[in-house]
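Subject: Handing over a structure

Hello,

Here is the structure I promised to pass on to you. Please open it beside this message, and then read on for what turned up in it.

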Amino acid sequence: MNSLRLLTGGSFVFNRLPLPTRRLGEGSQMDSTGRPKPVLISSQVARYLFAILLTGTLSTCAPSPEPSAESEHEDHGNHDEHDDHEEGIRLSPEQIAAMDIRFGTLREMKLNDYLTATGSLGLPPNAYASVSARASGFVRDVANYVEGDYVEQGAVLGYLENPDFIDLQQRYLEVKAELQYLTQDLARQQQLYADSAGVLNTVQQLESRVAARRATLAGLRERLEYLGMQPDGVTPESIQQRITVFSPRSGYITTISLHDGMYVEPSTQLMELIDEEHLHLELDVFERDIGKVEKGQRVTYRIPSLSNEPYTAEIHVIGKEFNAENKTVRVHAHLQGEQPPFIRDRFAEARIWLDDATVTALPEGAVVREGELHYVYAADSSGVGALAFTALRVNPGVTEAGYTAVRFVDPLPEGVRLVTEGAYFVQAQAMASELAHEH
C-alpha cells in the first residue's frame, strides 16, 4: 500500500518497497482450514523494517518549507539529474535524535592482536605405552577392561600360562642347590690346602665351578624377575605354570586385543595405554605468521566437536621443520587450567595472542557488515540541518573491551565525524533509499 494510517488517525506517505512474493505451494505451509500459515521473520529483518518505518515517519512529520516558484522551477528541471547522481544518505536532526545516532573520532589504544591457527590435541611419544607379553604362552583369566577404561599402574590385566615357566623355576632351584654344595666343598678344600693336606689344582677347579654356578644362578634370577616372579619365594612347593600380566603404567586404554585362550608371543601387543598428564596442543601456523610466534605466548583454543568453551595454553616449542605441502610450521603448546576430555587427533581452533599493540579503534557498534564487506559511516560536520552520511570500507581487526581495531580501505576525508553508535540504523536507511530509487 502507498500510505500507512496511524492509530491516532493521522497518515503519512510511505514509499512503496518491493517485497518478495511467493505463490501458494512454493514453500508455503497451509493450516487445517486451507489458509496459509503466518510467516515468522528474523529479528534482523524486524529491526530493518522498524528502521525504515521510523525514518519514514520522521521524514513525513518534519515540516517542509514552501518552495518558491523559482526554486520549484529549478528543482523540476534538475530532478532527474539530482536523483541519478545523489551520493550518500541524508538524515535530519530529528531522525538522528530518534535513532540515538552518536558521533565520535578514532582512538589510538592498545589491543591484543592475535593469529589464528588450527591443529589437534596430541601427546608426546613417551605418553604412550604398549602392553605386551614378556614370554610366549596362553592368556588366561583376562580382567574385564574395555577401550576407554582407566587402568592404574600395577593393575592385573590377566595371566599367561606356559610349561616353560615350570622348567625355569626348576632349573633355578637346582642351580641354587648345586651352588650351595660347591661353596661348602670349596671351603673344605681350601682348609685342607692351608693345612698342606690338599691339592691346589682341586681348589682352583672348585673356585671355577662356583663362579660359573653363581653366574648361572644370577641369570636365572633376572629371568624370573623379568617374568614377574620373586626368586626368593620360589620353592619346590611354590612352582607354578603361570605368570601375571601387570599394567606397566597408569592411563586410558585406547586399543585392546586380549582375550582368554589366545596364544601370544613377546612381540604381540595386547593393549595400548595413554597417559594424558602431558597432553599438549599441536598447531599448524602459516609461514607468513611464524615470525610473530614466540615461546611463552598465551593461546586460547576451543574444540568445535565438544563445545564453544574456551581453554588456555602457552607456547612451549616452535618447530624447526617447514611443511612444504600446506606452508605451515608445527608449534607445540602446553595446556593450562581446565583441560578438555582427550580423544586422539581431536580437531582444535586456536588464537595465538600477540603482545599489546597500539591500533586505531572504534566502538564495536560502529562497524557494520554487508555481505563480505565491513563499513563505518562518516558525516560531514560542516553542514547545517540535515547531515549527509558516507559509507567507508574498513578491515576490522581484533575486538576487545567493546572496541574493534579498524584499518581503512577507503580514504578518510578530513573534517568528518564518524558514527560510533547507531550505525545499524544508518545502514538500514541506506538500504531503504537504494530500494526506493530502484522503484
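A good place to start is a hairpin: strand 21 and strand 22 form it, with two residues between them. In its turn sits A401, which has a positive phi of about 55°. The two strands of this hairpin, strand 21 (residues 387-400) and strand 22 (residues 403-408), run antiparallel and are joined by five bridges. If you would like one pair to look up, N395 has R407 in strand 22 as its bridge partner.

Strand 21 has further pairings. With strand 20 (residues 373-380), strand 21 shares six bridges, again in the antiparallel sense. Here A378 lies opposite T390 of strand 21. Strand 3 (residues 89-91) is also antiparallel to strand 21, through three bridges, and L91 faces L387 across that pairing. As background, strands of a sheet pair through backbone hydrogen bonds, either parallel or antiparallel.

Before going further, a word on confidence. This is a predicted model, with an average pLDDT of 77 for the protein, and 77% of the residues score at least 70. Residues 1-49 have a pLDDT below 50, and this stretch makes 47 contacts in the model beyond its near neighbours in sequence. Residues 57-86 are also below 50, with nine such contacts. Where pLDDT is low, the predicted coordinates should not be read in detail.

Now to the open sheets. One is built from four strands in the order 6-13-11-8, with antiparallel pairing. Which strands stand at the edges of this sheet? They are strand 6 (128-132) and strand 8 (150-151); each has a single partner strand, so one side of each has no neighbour in the sheet. Strand 8 is joined to strand 11 (residues 251-256) by two bridges, and the two run antiparallel. Within that pairing, Y150 is found opposite Y252 in strand 11.

Another open sheet of four strands has the order 10-9-7-12, and its pairing is antiparallel. At its edges are strand 10 (242-246) and strand 12 (263-264), each of which pairs on one side only. Five bridges connect strand 10 with strand 9 (residues 156-161) in an antiparallel arrangement. To find this pairing on screen, try Y159, whose bridge partner in strand 10 is T244.

Finally, the helices. How do helix 4 and helix 5 cross? Helix 4 covers residues 164-194 and helix 5 covers residues 200-226; their axes come within 8 Å and cross at roughly 155°. Because angles over 145 degrees count as roughly antiparallel, helix 4 is described as roughly antiparallel to helix 5. Their crossing is left-handed. The contact of helix 4 with helix 5 brings together 14 nonpolar, six polar and 10 charged residues.

I hope this helps you find your way around. Happy exploring!

Best wishes

How values were computed
Residues numbered from 1 in each chain as written. Predicted model: local features only at pLDDT ≥ 70, side-chain atom pairs only at ≥ 80, totals over all residues. Heavy atoms only, no water. pLDDT = per-residue confidence, 0-100. Contact = heavy atoms within 4.5 Å. Axes fitted to C-alpha atoms, helices over the stretch in contact; angles between N-to-C directions. Parallel < 35°, antiparallel > 145°, perpendicular 65-115°, else oblique. Left-handed = near helix turned anticlockwise from the far one by under 90°. Nonpolar A, V, L, I, M, F, W, Y, C, P; charged D, E, K, R; others polar. Pairing = 2+ DSSP bridges.
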